[in-house]
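Subject: Structure for your review

Dear colleague,

Please find below the structure I promised to hand over. My notes on what was found in it follow directly after.

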Amino acid sequence: MTTERNREVRVASGVEGTGAGSGPRTLAEDLRARGDDAVAALLLARPDLVNPVPGDLTQLATRAGTRASVVRALEHLDRFALQTVEALAVAPDPCPYDTLCALLTGDEGSQEIAAALPAAVATLRTNALVWGGDDRLRLVRTARDLLAPSPAAPSPTGLGPTVAEAAAGMSPGRLQQIVADAGLPATHDPVSAVAALTALFSDRQRLAALLAEAPEGARAVLDKLMWGPPYGEVALAAEPVRAATAETPVQWLLARGVLLPAGPHTVLLPRETALRLRGGRAHRSPEPLPPEVPPHARYDAQVVDGTAAGEAFTAVRTVEELVKGWDTGGPLVLRAGGMSVRDLKRTAAALDTTEELAAFWLETAYAAGLVASDGEVDEAYAPTPGYDEWLRLPTEDRWARLAAAWLAATRAPGLVGSRDAKGRTLAALGPDLDRSLAPGVRRRVLELLAGAPDGASARPEDLLARLRWERPLRGGAALDELRARLVQWTVQEAELLGVTGRGALSGHGRELLTDPDAAAARLAPLLPEPLDHVLLQADLTAVAPGPLRTALAETLGVLADVESKGGATVYRFTPESVRRALDAGRTAAELHGFLAAHSRTPVPQPLSYLIDDVARRHGRLRVGAASAYVRCDDDAVLSEILADRRAAGLGLRRLAPTVLAAQSEPVTLLERLRTMGFAPAAESAEGDVLITRADARRTPPRAAPVPVPDGPPRPDQTLLAAAVKAIRAGDRAATAPRKPAAQPAPHGSALPRTTSAETLATVQAAVLTGEPLWIGYVNADGAASQRVIEPVKVEGGFVTAYDHTTDEVRTYALHRITGVCELTEDVR
């Protein structure tokens, strides 16, 4: 009953195939027998096969068997599917399904493994790694070569060569000695001797009876080699050991063929013996099911969403503060790319955070296209025009853009500060932070959290164990360590961005996986409402009791300096900050009106006096380019400047009662006069006051960095449908039966060959009858192809025809057609 039930499962899963007599002989024939949906599933699972689109199914099968493509396909299998492939690599070729099942379940059997195996085999079929009927499963040759055991690359199962492979170079006399010492009857040739030993070691009872006679210590030797590696180093005697002269456990095993020599100082355990010692299992620990991700802690969903929303709002404000700090110019770009350690420390200090978190916010802003290099000779970082567009968005949309950019980015901010293979320190915004594994790990971690109950968090080690089962990487310990670090960083970064709250995925975090716009809409009601007012204090400060509207925050940020942040932001008004607002083009009347309109408290008198006093002195001095000059209607002010010792280094001299000339540059002169307590204004060549804005520094238009893909991109449904149609049409053209050509094709050529006159006559006749033709065609690049066409008209040396290969009407030059053939009646 169990066997019949398993067979029903295999049939439902597409594992049960045809019998041996009608089974496919090649992978191309197997693909030819599949439907269009199966071919599309193959192209979707292995997108490297799509570019370029194969001409027919034979080309598709050939490309699917190349080493690079097979390696890429193996790297995307889950652990049990990979274990199934590894078992097939040490199984007979072809391998019946029941034999494969026995290799995975062992002599004792396992219902769990047997139930999971049909789905694994179906996955391998979909990926074109396995083909053939259920009674003749075949692993593609390249995969067998990669996974089959050899001295240079042992099998992942730990199994070694078979008796036949290990004894291939052994003399016939030595084989007969082993057969005799093993208690088997003598044979007449090496082939039958190897077959007798194989049968002995494959029989559990007979092997057990033989090993029952082994001396003490022999079983310990076999236990060391049983699960691999199957090779051991020993001191072998110059002459073959006989059973009568064996003195050690190893010699006893060698005399009876339980161990076979593999070199001057090496012995191996044959595959058949190891399987029997293992109980028939190819793997020590088959893993048919993925490990569970148990909840680590549970919280109320509203608490999670509220916590995450607070973090999301903080993330937006942090990025805004970071980029705004570069309005008047950001740090310089290192010659090798990226930001210097000193500039990173300054950024961390400005954000009041650690260097690691500062690097994360920098990389997030860079991934979202908000900052970039300006491309100047002295290259520096600056906000992009996209930053201004981002500022105009609502808070929830700004968060969605940041979170979506983080989710898709291949850059790993956690690597900042570490060293590469050459010992160089990796810099923030540098060129060596891309890791193609990063976006897949981030998305999968969030998907696993989405599969947990609402409000449930998970431990990073449990998430990592699940990822290791779903995609066992073949890149070694270094790649696995990188994935472990990416999992840890994803958990931390998702919390910082407000995608998760207290380690659990938020409601807007779930929406982020499918639709960032929906995530923004889900987040909007949870965010605090921006305020349109502040509270002015008599000590020249303003208190913002909550987040301010963007326009208000921008203007207040120019008029005052941020003194403290937190639940309420405190701004302080100083002569320098007021002068900064006047430099930006504001007048004293506008500043008074702005404060009166946005303050819930009366404007304090000291603040009004401060604004009026700075405005009265602002612009009285004018600085222009001579090298530089200072002019003022009040000559007493100029006399005061000349008398000030702090102006000694400026090289000032009076040209007129109201004009001073200087040997310093205008920028230097402006800064020095401001440090002396004056409020000069910059002047243009025409004598007009130059208005400077805090957001004047912008890069040229910049696109967000493109993530480095982890392999070819997955094709969309439109491309899949077109590719399948083209492959099917090309396959029909390549395999369609046709009438013999008037002139046979040259040896090694698959294209039809006819003379120019015969080609023209056949095509003209086909136009009248509407019958399809098989043609050979060479394009302008010299590439030859064969096609099935239905000619519509012949005119001016060209034939217009419906091409079955491309499913469109095309025009062909007659002189490029190598020949034509009529198709047989059954194809028409």
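Two strands are said to pair if DSSP finds at least two bridges between them. This should be kept in mind for what follows, as should the fact that the model is predicted.

By that criterion, strand β22 (residues 784-795) and strand β23 (residues 798-803) are an antiparallel pair, joined over 6 bridges. One of these bridges links E795 to F798 in β23.

Both strands belong to an open sheet of 5 strands, in which the pairing is antiparallel and the order is β24-β23-β22-β21-β25. The edges are taken by β24 (808-813) and β25 (817-822); each has a single partner strand, so one side of each is left without a neighbour in the sheet. On average, neighbouring strands of this sheet are turned by 45 degrees against each other, direction ignored.

Two helices accompany the sheet. Helix α33 (residues 717-735) lies across β21 (773-778) and β22, and its course is at about 90 degrees to β22. Helix α34 (residues 756-769) packs on the sheet, where it touches β21, β22, β23 and β25. The direction of α34 makes about 60 degrees with that of β22.

A further pairing occurs earlier in the sequence, between strand β18 (residues 653-656) and strand β19 (residues 659-662). These two strands run antiparallel and share 3 bridges. They form a hairpin, with 2 residues between the strands. Within the hairpin, R653 has A661 of β19 as its bridge partner.

Turning to the chain as a whole, there are 34 helices and 25 strands. The radius of gyration is 39 Å, whereas the globule rule gives 28 Å for 828 residues; the chain is therefore more spread out than a compact globule. Along the principal axes, the C-alpha atoms fill a box of roughly 125 × 90 × 55 Å.

As to burial and contacts, 45% of the 828 residues count as buried. Among contacts with a separation of 6 or more, 65% are between residues 24 or more positions apart. The accessible surface of the chain amounts to about 39,400 Å², and carbon and sulfur atoms contribute 53% of that area.

When you open the file, I would suggest beginning with the sheet that holds β22 and β23, and then turning to the hairpin of β18 and β19.

With kind regards

Methods. Residues are numbered from 1 along each chain as its sequence is written. This is a predicted model: local features need pLDDT of at least 70, side-chain atom pairs count only at pLDDT 80 or more; totals for chains, interfaces and linings use all residues. Side-chain values use heavy atoms; hydrogens and water are left out. Helices (H or I, at least four residues) and strands (E, at least two) are DSSP runs, numbered from the N terminus. Axes are lines fitted to C-alpha atoms, for helices over the stretch in contact, and angles run from 0 to 180 degrees between N-to-C directions. Contact means heavy atoms within 4.5 Å. The radius of gyration is taken over C-alpha atoms; the globule rule is 2.2 Å times the number of residues to the power 0.38. Buried means under 20% relative accessible area, exposed over 50%, partly exposed in between (1.4 Å probe, protein chains only). Accessible areas come from the Shrake-Rupley method with a 1.4 Å probe; for residues, only the protein chains shown count as cover.
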